[in-house]
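Let's practise reading a protein model together. Have a look at the picture below, then try each exercise before you read its solution.

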Amino acid sequence: MQTPRTTPSRTAKRAHYDTESIYAILDEALFCTISYAIDGQPWSLPTAFARDGDRLLIHGSVGSHFIREVEKGIPVCISVTLLDGLVLAKSGFSHSVNYRSVIVFAQAEKVEDYDQKVRALALITDQLIPNRWADLRPETVSEIRKTTVLSFSLDEASAKIRTGGPNDEPEDQELPIWSGVIPLETVRRAAIPDASSQSLPLPAYLR
């Protein structure tokens, strides 16, 4: 949704407010950063998350200072960025990056239902490692009770995307200086077993 807070002050043409763009970025990302302020002191915390429809889910220990503050419903800003490339121009002032990002303004809602908490934890786990949750030992009641799950609405969210090459000034374009794009990507390497798993076959979802 476009609001004054989700409208960029610069390069507004890169903003996207459709759910398709926003959801695609969130579904690819592994971490988000949640920022908030208490008595004028800013705080910022990177954390794993998952999208569940039009909600964003995070979890943490019931004793976490961050969780205890955010669950009160204070305003937060959630950000996610995927870096796709380094954009090299002929001038240092024209260098840039290709990226896909999402900003969300919301307030936390605590998930109280036991089954919904378990479902949220499964979604967060599978966001990091698809199909992992079903392969794990069952959670205990104690583990769930010691964990807080928070849900955030995605109603006030926007994406910002940059693609393409450098935007050199016209007078710079003929300079004999290399310019272009260096693509970047996050790659999962081969899994490395710990000592207790040396003799176990690698699960198909990790290959």
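**Exercise 1.** Find how strand S7 and S9 pair, and over how many bridges.

*Solution.* Start with S7, which covers residues 96-110. S7 pairs with S9 in the antiparallel sense, over 6 bridges; two strands pair if DSSP finds at least two bridges between them. Now pick out one position: Ile-103 stands opposite Ser-158 in S9.

A word on the source: this is a predicted model, where local features need pLDDT of at least 70, side-chain atom pairs count only at pLDDT 80 or more, and totals for chains, interfaces and linings use all residues. Residues are numbered from 1 along each chain as its sequence is written, and side-chain values use heavy atoms, leaving out hydrogens and water.

**Exercise 2.** Identify the other strand given here as a partner of S9, and its sense of pairing.

*Solution.* Go to strand S1, residues 15-16. S1 and S9 (residues 157-162) pair in the antiparallel sense over 2 bridges. Within this pairing, His-16 has Ala-159 of S9 as its bridge partner.

**Exercise 3.** Count the helices and strands, then put them in order.

*Solution.* The protein has 4 helices and 10 strands; these are DSSP runs numbered from the N terminus, helices being H or I with at least four residues and strands E with at least two. From the N terminus, the order reads β-α-β-β-β-β-α-β-β-α-α-β-β-β.

**Exercise 4.** State what share of the 207 residues is buried.

*Solution.* Begin with the term: buried means under 20% relative accessible area (1.4 Å probe, protein chains only). By that cut-off, 36% of the residues are buried.

Conventions: Buried means under 20% relative accessible area, exposed over 50%, partly exposed in between (1.4 Å probe, protein chains only).
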